[in-house]
Amino acid sequence: MDTVTLLSRWQFGLTTIYHWLFVPLTLGLGWFVAFMQTRYYQTKDETWRKMSKFWGKLFLINFAIGVVTGIVQEFQFGMNWSEYSRYVGDIFGAPLAVEALLAFFMESTFLGIWIFGEGRVPEKVHLASIWLAAIGSNLSAIWILLANGFMQAPPAASYVYNEANGRLEMVNFFALVGNPKAWIFVWHTLADGLAMAAFLILAVSAYHLVRKQNLDFFKRSFQIGAVAGLIASTLVFLGGHTMGQYMAEVQPMKLAALEAVWETEQPASFSLLTIGDLSGKREVWSIRIPYVMSFLACNNFTCEVKGVNELQATYEQLYGPGDYVPLMVVTYWTFRIMMAFGFVMMGASAWFLWNTRRKDYENAKWMKLVPFGALALPYIANASGWILTEMGRQPWIVYGLLKVEDAVSPNLTTVDLLISLIGYTVLYGSLAVAMVYLMKKYAIAGPEAAMHESVDAAPALIGSQD
Amino acid sequence: MSYEFLQILWFILIAVLWIGFFFLEGFDFGVGMLLPFLGKKDEERRAIINSVGPVWDGNEVWLLTAGGATFAAFPHWYATMFSGFYLALFLLLVGLIIRGISFEYRSKDAAPAWRNRFDWMIAIGSFLAALLLGAAFANLARGVPIDENMMFTGNLFTLLNPYGLLGGLTTVAIFLLHGANFLGLKLEGELRERVNGFARKLWIGATVLYVVLGIFTYVAGFWNNGHINPGVIPIAAVVVLLVAGYFINQKREGWAFIMVALNIVLTQVTFFSMTFPNVMLSTTNPDWSLTIYNASSSQYTLTVMSVVALIFVPIVLAYQGWTYYMFRKRISTKKENLVY
C-alpha cells in the first residue's frame, strides 16, 4: 500500500472515530432532554425543567463538536477517495444528499429554535423543537448508516455494473434503503447512542450523589439512566447478535477474522484467548469453548463456521490473487473489548437499577466508582465496534466490489496528506481540550448554574442585573 | 423525464443551492468578520452573535446539501473538484470548524481572554471561508487544468492566480457589506448607528472590487466560456449594487439589504450561466472539460433524487423561512434581554 493511501486511511479513520465519539451522545441525549422537557410540560414540576436545562447544556456542548467535524466527513469522500466517489457516486451520493436535505436542515433549524426560542415561541413549539432536533439527528444517523450499509454489504438488487462507463449504477433505490444489514446497524447504533447517553447521565449523577448534592434532582436522573441504560444496552446486544448471523452470510471473512477461526469448523468453538504470531496472521496458541462460535454465527450450536484459510482460497479464485484477510490482531481484540464492555454495561445498569430500590443507595461504596467507570465503558466499546466493523471489511472499501487501494484520489501527494493529517490532529486535539474543559465545568457546577449560559455569569446574575 | 432534461434540472438545482448558501451564509460570514471590530463590549458582541445565533447552522446546511447533491447528481464533478481543490478545501474546513465551534463555546466561560479568543476565531474562520469559496468559484469560472481522465493536474498555487485572488477578495468584501446590512436590520441603538457607518465605507470597497472583477472577467473573455451568454444579468448586478449605495446613504436598511442580496443572487446566476453546460472547464484542453452530460449520475438516480427534492425542498424552505419570521425582532444589548 503506497504512502498516500496509507495516510488517507489513517486520516479517514482518525477523523471518523473522533467524529463518532460525539455523535452517539448527541443521538441519545436528545431523547432524554426531550423526555424531561415533556415531563415538565405535563407536570410543571420545576425539577423536570432544571433537568432538561442541565442535561440540555451538556447536550449542546457535545453537539457542537459533532456538527463541525461532520462537515469534514462529507467532504472527505471526494477529497481523499475520488475514485471511490466516481465508482459508486451514483448510488452512495443519494443517501448522503437525502441526509442533508431531510435530516441536517431539520436538526440544525429546530435546535436553533430550541436554544434561542424559549420565551419567544409558544411553549408547545419550544417543546416540539427539541423533539424535532432529536428526530433529525437520528434520521441523519439512519441515512449515513444506509450509505455505510452499501459499503459493508451491497444489496445485489440495488445496483448494476455499467461496462460502458466502468462504474456502478443504481437500479433500485428501495433495495438500497431496505438493506437488512444496514437496518441492523441502525438498530445497533441508535441503541448504542441511547446507552451512551444513559451512562453519561449515570456517571454525572453518581458524581453529585456521592457528594450529596441536589439529591432529588440526581436521584431522579440516576433512575432514568439506569432504566434506559439497561434497555438500551440489551438492545445493543440483541442487535449485535443479529448482526453476527448476517455477517456469516455477507461477510464471512470478517466473522472468521474477529474470531480467529483459521480452519473451517463444525461445530465451531469460541476462542477465549488466542495468541498469534507477530504478523498477526498465524495462530500460535489458544483456549477455546466448544459450540459457542456456532451459536454466535447462526443461532444454533452445531452449524459450520468457515475458516480464514478456506475463505482466502475462495476469494483468490473469485477476485484474483491478493490478501483478503483483515488485520486479525485488530479485529480479534476490538471484538473482545466491545463485547466485554457491552456485557459490563448490561450488568452494571441492572445492578444500578436493582440498587435504586434502597433509599440511601448513594452511600454505597461502589457509587464512588461509577463516575469514572460509567463514562469510560461506552466510549471504548463504541470506538472498538467501529474499528472492528471498518477494519474487518479490509481490503474492501465496497465489499466484494472495490478495494481501498483502488479508491484513493490519484492526484494527492504525501505533502498534501501530511499537511491535512497534522492540521486535523492539532485542530481536533484543541477542540477536545476545550470540550472536555467545558463538559467538566458544567457537569460539576450542577443544575443551578445550568439555568444560565455561562457558569461564571450565574452568581452575578442572581439578585442583580450585572 | 428525458435524461438531458434531468441533467439540466440538476444543474439548476445545484445552482439554486449555491445561491441559497451565498445569500444566507453570506451575511453570517459578514457578521462573523465584523464581530471583533464592531462589538466593543461583551454585550455588544453577544448581541451581534445573536443576530445569526439561531440560524447560522441552518444556513451552513445549504453548503452540505450542495455538496451532497453534487455527489449524488454529478459524481465526477464532486470527485474532481473535491480532490483537485484538496488543500483549499482543507483550509475552508478549518475555517468552518473554528467559527462553528466558537459560536457555541464563546459564552460558556466568562473569562475575557476566552471570549476574545473565540470571537477572533469566528472572524478569522468566516474570512477564510469567504475568501476560499470566492477563489474557488473564480477558478471554476476561469477554468482549471484537467487531463483527459477528468483529473485535476494543478495544485494549491494553481488556484492562487490573480483572478482567483480577486474573486476571493471581492467575495469577502461583498459578504462584509451584506453582513453589515443584515446587522443594520437586526440591531438597535448605538450599535445600529455604528454598523450603518461601517456599511457606508464597506460599500465603496466592495463596489470597486466588484467592478474590477467584472472588467477582468469581460476582458479575459471568461464570460464566453460556456454556451449561454449571461447578457444583461451582470450589468443588472452592478446596477443593484450601485442602488444599494444610495439606500445605505439614505439609511433605508431593508432596501439596502435586498439590493446587496440581489447582487449576490445575480452574480451567481451570471456564474452558472457563463459556465453552462460545463461544470469544470479544462484549461488544458476544452474537450476534456467536465460537463453536465459526462459528469452526471444515471437517469434512474437523477429521477429518484428529483422526487426527493420535489417533496423536501418546499418543506425545508417553509420551516427555515418561518424561523427567520420567528426571530425577526431587533436585538438589544441590554443584558437581561440577551440569550447568552
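This is a short chat about a predicted model with chains A and B.

Visitor: Start with the contact between the chains. How many residues does each one put in?
Guide: Chain A gives 61 residues and chain B gives 57 residues.

Visitor: Which elements of chain A give two or more residues to that side?
Guide: They are α2 (46–80), α3 (82–116), β2 (167–170) and α13 (414–445) of chain A.

Visitor: Which gives the most?
Guide: α3(A) does, with 22 residues.

Visitor: And how do the residues on chain A's side divide into nonpolar, polar and charged?
Guide: There are 35 nonpolar, 16 polar and 10 charged residues on the side of chain A that touches chain B.

Visitor: β2(A) was on that list. What does it pair with?
Guide: Its partner is β1(A), residues 159–162. The two strands run antiparallel and share 4 bridges. Within that pairing, Leu168(A) is the bridge partner of Tyr161(A).

Visitor: What about the hairpin turn? Which residue there takes a positive phi?
Guide: Gly166(A), with phi near 70 degrees. The hairpin has 4 residues between β1(A) and β2(A).

Visitor: Are the faces of β2(A) covered or open?
Guide: Both are covered. Arg167(A) and Glu169(A) sit on one side, Leu168(A) and Met170(A) on the other, and all are buried.

Visitor: Switch to chain B. How do α1(B) and α11(B) pack?
Guide: Helix α1(B) spans residues 3–38 and α11(B) spans 253–275. Their axes are 9 Å apart, at an angle of about 150 degrees. Angles over 145 degrees count as roughly antiparallel, so that is what α1(B) and α11(B) are.

Visitor: Is the crossing left-handed or right-handed?
Guide: α1(B) passes α11(B) in a right-handed crossing.

Visitor: Which residues make that contact?
Guide: From α1(B), they are Ala15(B), Trp18(B), Ile19(B), Phe22(B), Phe23(B) and Gly26(B). From α11(B), they are Ala261(B), Ile264(B), Val265(B), Gln268(B) and Phe272(B). By class, that is 9 nonpolar, 2 polar and no charged residues.

Visitor: Now α1(B) against α2(B). What are the angle and the axis distance?
Guide: About 180 degrees, with the axes 10 Å apart. α2(B) covers residues 42–52. This pair is therefore roughly antiparallel.

Visitor: Which residues touch there?
Guide: α1(B) brings Asp28(B), Val31(B), Leu35(B) and Leu38(B). α2(B) brings Arg45(B), Ile48(B), Ile49(B), Ser51(B) and Val52(B). The classes come to 6 nonpolar, 1 polar and 2 charged.

Visitor: Backbone next. Where is the cis peptide bond in chain A?
Guide: It runs from Gln394(A) to Pro395(A), with omega near 5 degrees. Pro395(A) is in the loop between α12 (370–391) and β5 (396–398) of chain A.

Visitor: What does the peptide bond joining Phe276(B) and Pro277(B) look like, cis or trans?
Guide: Cis, with omega about 0 degrees. Pro277(B) lies in the loop between α11 and β1 (278–280) of chain B.

Visitor: Why flag these at all?
Guide: Because most peptide bonds are trans. Likewise, most residues other than glycine have a negative phi.

Visitor: OK, what is the phi of Lys44(A)?
Guide: Positive, about 55 degrees, and Lys44(A) is not a glycine. The residue lies in the loop between α1 (3–43) and α2 of chain A.

Visitor: Why does Lys44(A) count as exposed?
Guide: Because Lys44(A) has 9 C-beta neighbours inside 10 Å, and the exposed class takes 12 or fewer.

Visitor: And Lys251(B), where is its phi?
Guide: Near 60 degrees, so positive too. Lys251(B) sits in the loop between α10 (233–249) and α11 of chain B. With 13 C-beta neighbours inside 10 Å, Lys251(B) counts as partly exposed.

Definitions and conventions. Residues numbered from 1 in each chain as written. Chains lettered and ligands numbered in written order. Predicted model: local features only at pLDDT ≥ 70, side-chain atom pairs only at ≥ 80, totals over all residues. Contact = placed C-beta atoms within 7 Å. Nonpolar A, V, L, I, M, F, W, Y, C, P; charged D, E, K, R; others polar. Buried ≥ 20, exposed ≤ 12 C-beta atoms within 10 Å, placed from the backbone. Pairing = 2+ DSSP bridges. Axes fitted to C-alpha atoms, helices over the stretch in contact; angles between N-to-C directions. Parallel < 35°, antiparallel > 145°, perpendicular 65-115°, else oblique. Left-handed = near helix turned anticlockwise from the far one by under 90°.
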